[in-house]
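Let's take a look at how some strands in this one are put together. Have the structure open while you read.

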Amino acid sequence: MPLASPRPHAPDTSPIPIRNFDKQRYLSREWMECERTEVWARTWLVAGLACDVATPGQYFTFEIGAESLIVARGIDGQLRAMHNACPHRGTRLVSEPMGVLRKFVCPYHAWAYGLDGSLQGVPGAGRFSNGLPKDELALQAVEVEEALGLVFVRLTPGGLSLREFLGPVFDLLAPYRIEDMSITNDQSVSHTCNWKAILDNFAELYHVPFIHPIHRRMFECATAPFELFDHGHTAVYVPGGVTDSSFPTPEVPTDMLSMQLQALGLDPAEYRGRVEAVRPAIQQAKRRIAQAQGLAYDGFSDAQLSDIWQFNLFPNIILSVTPESAWLMRSRPDAGDPGKSQFDMITLVQFHGREEDAAAARRAEGSDDPEIGTHFRLNGPRPADYSRPERDCFTHEDIIAGHKTMTVTIDEDISLLARVQKGMASSGFQRVWLSDEESRVQHFHDALDACLGA
Ligand SMILES: [Fe+2]
């Protein structure tokens with residue numbers, strides 16, 4: 001489908017029919033159960049990052065609704081995904097989110113399993129009059145594949161290959177080389193909204209001028225082109241280094257634009273009265289610096305050097321990328337309550353280039369917000385004392401209270417989303433009423449309905 005540009009407050013039309021769907025999909029347990037059997041059990045899902053299982057013995061767990069999987073790199077170097085349930089009495093084997101182990105030992109009766117899921121030890125093995133059939137008592141395996149630096153799993157075999165499922169999105173994401181990036185932040189927030197309310201939020205820019213005023217000062221959200229792909233994936237290409245065209249162009253670069261200019265060694269004063277020249281200046285400066293440092297930026301267009309490209313991978317992934325960084329966001333359903341979800345956010349940084357350029361850029365920026373701090377400058381080489389950060393888990397109330405932050409923008413989204421779920425429960429609300437500008441929301445729900453046979 002060709003790129004489409006929304007024109008807010010203009011009689012544009014959506015590239016797809018807009019339906020106004022019933023609210024029950026956010027509220028009912030029946031919907032939740034259908035999603036469990038028809039979506040979560042059958043779709044390729046991002047279980048985690050490949051860098052967390054790069055070497056033999058490394059594992060991580062992945063919870064999706066009531067399911068828990070272990071993804072582990074075997075001694076033989078092969079990556080496997082297995083159900084995190086001891087075949088003896090069903091006990092969840094592993095509770096740590098990640099780590100390094102030689103075998104998995106059940107905390108209940110000490111049954112031991114290899115990294116390949118094979119049963120390796122049973123205390124009192126002679127007392128099982130029904131025997132201990134090794135095949136039947138191995139950890140149950142599921143499909144697993146690595147692509148784009150991500151680990152994908154599928155609980156039930158059958159259907160599209162991962163490559164078919166991702167389609168053109170694979171080729172669009174490949175140049176960013178997420179597999180070479182390093183994790184610099186790992187957060188997970190429990191929320192009181194349905195998992196789809198989070199996806200919906202990241203599938204439209206209609207709300208941006210109203211709850212994210214900071215964006216007016218550095219992005220063009222009003223006319224950002226978007227794209228709809230087969231199987232429910234979408235993309236939006238948000239121009240950076242500009243100001244929101246819904247508002248008058250300022251006489252001088254905004255504070256945000258000034259920080260970006262300075263981080264690339266440019267003087268904001270030179271752009272007085274010609275703020276429209278900031279975006280090409282940022283692109284040219286970044287390409288020049290990258291070239292001087294021998295970085296492989298030739299494959300990126302000018303737009304990719306200044307803009308944020310965001311891909312929503314069906315069903316539950318939001319991936320924002322720049323040549324310097326990526327944000328992997330993921331919304332997961334609760335085990336039993338349709339009004340609860342888990343929102344994960346991992347920040348990834350492409351460490352490359354010279355330390356002196358990176359240090360100068362950091363000084364010029366002076367911003368603590370990782371949204372500014374990682375997206376718009378070269379990061380320099382990976383620090384000698386780098387270590388993968390531990391996952392920080394908290395609740396959305398921690399964000400509202402100001403005890404935790406996931407960047408200014410995401411905090412604003414998270415703070416608002418509890419109100420969405422509360423309002424939906426009202427008897428005075430029956431169905432959502434989408435605009436053409438929310439076509440990506442519609443496309444996501446169309447794919448969901450196709451899975452559910454609705
Ligand atoms: Fe938002």
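Here is a short tour of the strand pairing, hairpins and sheet edges.

First, a reminder that this is a predicted model. A handy place to start is strand E3, residues 67-73. Of its 7 residues, 5 are buried, so E3 is largely enclosed by the rest of the structure. "Buried" here means 20 or more other C-beta atoms within 10 Å of the residue's own.

E3 pairs with strand E2 (residues 58-64) in the antiparallel sense, and E3 also runs antiparallel to strand E4 (residues 79-83). If you want register markers, Glu63 sits opposite Ser68 in E3, while Val71 faces Ala81 in E4.

The antiparallel pairs compare like this:

| Strand pair | Bridges | Facing residues |
|---|---|---|
| E2 and E3 | 6 bridges | Glu63 and Ser68 |
| E3 and E4 | 5 bridges | Val71 and Ala81 |
| E7 and E8 | 2 bridges | Tyr113 and Leu119 |

The hairpins are worth a glance if you check backbone torsions. Between E2 and E3 there are 2 residues, and Gly65 in that hairpin has a positive phi near 60°. The hairpin of E3 and E4 has 5 residues between its strands, with Gly77 at a positive phi near 85°.

Further along, there's an open sheet of 3 strands, ordered E6-E7-E8 and paired antiparallel. Strands E6 (103-105) and E8 (119-121) are at the edges with a single partner strand each, so one side of each has no neighbour in the sheet. On average, neighbouring strands of this sheet are turned by 35° against each other, direction ignored. Strand E7 covers residues 112-114, and its Tyr113 stands opposite Leu119 in E8.

Technical notes
Residues numbered from 1 in each chain as written. Predicted model: local features only at pLDDT ≥ 70, side-chain atom pairs only at ≥ 80, totals over all residues. Buried ≥ 20, exposed ≤ 12 C-beta atoms within 10 Å, placed from the backbone. Helix = DSSP H or I, 4+ residues; strand = E, 2+ residues; numbered from the N terminus. Pairing = 2+ DSSP bridges. Axes fitted to C-alpha atoms, helices over the stretch in contact; angles between N-to-C directions.
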